[in-house]
Amino acid sequence: MGNHLFSGKKSFIWLGPKPLVFIMDPDLIKEVFTKTYIYQKTKTNPLTKLLAQGLVREEGDKWAKHRKIINPAFHLEKLKQLTSDVISRTAFGSSYEEGRRIFELQTEQAQYFIEAVRSVYIPGWSFLPTKRNRRMKEIEKHVQAAIRGIIDKRVKAMKGGEVNNEDLLGILLESNFKEIEQHGDKDFGLSIEEVIEECKLFYFAGQETTSALLVWTLILLSRYQDWQTRAREEVLQVFGSRKPDFDGLNHLKVVTMILYESLRLYPPVMTVTRRLNEDAVLGDISLPEGVLLSLPVVLLHHDEEIWGEDAKKFNPERFREGVSSATKGQVTFFPFTWGPRICIGQNFAMLEAKMAMAMILQRFSFELSPSYTHAPHSVITTQPQYGAPLILHKL
């Protein structure tokens, strides 16, 4: 890899036969996120696809097609209608029960996936009929069938002239039909299989990341009671005891600062990996095709050179003037990644988190139970290893 000796912030490790290079320079990180045609998402363990593929995994033209069709579902105007209920109804307008079953299955799938990733990956292993592999395929079938059932009902209703674009699935299907109509060719739309993958992703990514953000925010506000009080005062000032609404949520400045600081200290995804699609020169390193790059989110978010001496401390004040002021315009804070492929659900996740925090703060004060043990670890997302036992007091 060029003639450079790697040391300090320039380093690499071997993952089996593949070198993984750590990129810590904000300018180079920006370049990696910008040149998506060179630095592509990694194709990993085949078991990944049992969990969720969809938009996150697509590349090039296929990604552009998915993004174009899904994009309308995440417009803020549309999101305004969606703040009052959480993801199952938001995504599918389906009953909570219908959604809960899919959540349970996806959660079980995630556990098997983690076990699989932690064990040594042997090519072809995922095709052997081990107990775990059989169960994973079974779950995949159930999830597919459940979502297909929801979609079939909706498509039938749409063909019968019913308009339903109140939820993500409705918006997605409507956008998909428009795309097909416009080109008069099915190839321009998504297949039902692809729509199912996007739905699995809504469920999984939407639930996993937002719940991780909420749990760490509750832990932090339990530790820093002064900030909990400030956040509650703001919520009560904006909403009183009434149900939070979209416009009010956008006025929650203190709550937003707290959520950003929580994302900084405990980013849901610890590291972002990219694979070189062709030989490239990045800064002063020449990298051959196929090399893996790691952008260690968690290290950048805790770097004292970037954030100052209090980098390890909880201090939401640093986001008082927003993200670009806190990062001095550099790409040093990217809990949702960055650039053209930045997480499409970012606004949605932030809105959902503000909504949940506002409703909790209105009703409860909370503190950490003495049995809480601080041990962040990464299971797809960053989670407290021994849970987060909190003591809630009704207000």
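Start by selecting Arg 318, which is buried at a relative accessible area of 14% (buried means under 20% relative accessible area, exposed over 50% and partly exposed in between, with a 1.4 Å probe and protein chains only). This is a predicted model, in which local features need pLDDT of at least 70 and side-chain atom pairs count only at pLDDT 80 or more, while totals for chains, interfaces and linings use all residues. Residues are numbered from 1 along each chain as its sequence is written, and side-chain values use heavy atoms, with hydrogens and water left out.

Add Glu 261 to the selection: its side chain meets that of Arg 318 in a salt bridge, at 3.1 Å from N to O (a salt bridge is a side-chain nitrogen of Lys or Arg within 4 Å of a carboxyl oxygen of Asp or Glu). Glu 261 lies in helix α12 (residues 253-265) and Arg 318 in the loop between α14 (304-307) and α15 (323-326), so the pair ties together parts that are 57 residues apart in sequence. Helices here are DSSP runs of H or I with at least four residues, strands are runs of E with at least two, and both are numbered from the N terminus. Glu 261 is also buried, with a relative accessibility of 0%. Now extend the selection to Arg 264 and Asp 310, which are linked with Glu 261 and Arg 318 in a network of salt bridges.

Next, select Glu 317 and Arg 320, whose side chains form a salt bridge at 2.8 Å from N to O. Glu 317 is partly exposed at 30%, and Arg 320 is partly exposed at 32%. Then go to Lys 35 and Glu 31, a salt bridge in which the closest N and O atoms are 3.2 Å apart; Lys 35 is partly exposed at 29% relative accessibility, and Glu 31 is partly exposed at 22%. A search of the whole structure finds nine salt bridges.

For the nonpolar interior, select Ile 23, Leu 293, Phe 334 and Met 357, which touch the most other members of the largest nonpolar core, a set of 63 residues. Such a core is a set of buried Ala, Val, Leu, Ile, Met, Phe, Trp, Tyr and Cys residues joined through side-chain atoms within 4.5 Å. Centre on Phe 334: leaving out residues up to four places away in sequence, Phe 334 touches Ile 29, Phe 33, Val 272, Leu 295, Val 297, Leu 300 and His 301 (contact means heavy atoms within 4.5 Å). Apart from the largest core lies another, of 21 residues, among them Leu 105, Tyr 112, Phe 113 and Ile 139.

Now select Cys 343, in the loop between α15 and α16 (346-363). The unreviewed UniProt entry annotates Cys 343 as "binding site"; UniProt positions follow the numbering used here, feature names are shortened, and annotations may be inferred rather than shown by experiment. Cys 343 is partly exposed, with a relative accessible area of 33%, and, leaving aside neighbours within four places in sequence, is in contact with Phe 336 and Thr 337.

Finally, show helix α10 (residues 225-239) together with α16: their axes come within 9 Å and cross at roughly 100 degrees. To see where they meet, select Gln 228, Ala 231, Arg 232, Val 235, Leu 236 and Phe 239 in α10, with Ala 358, Leu 361 and Gln 362 in α16.

Zooming out, the protein chain has 16 helices and eleven strands, and buried residues make up 49% of its 395 residues.

Note on methods: Axes fitted to C-alpha atoms, helices over the stretch in contact; angles between N-to-C directions.
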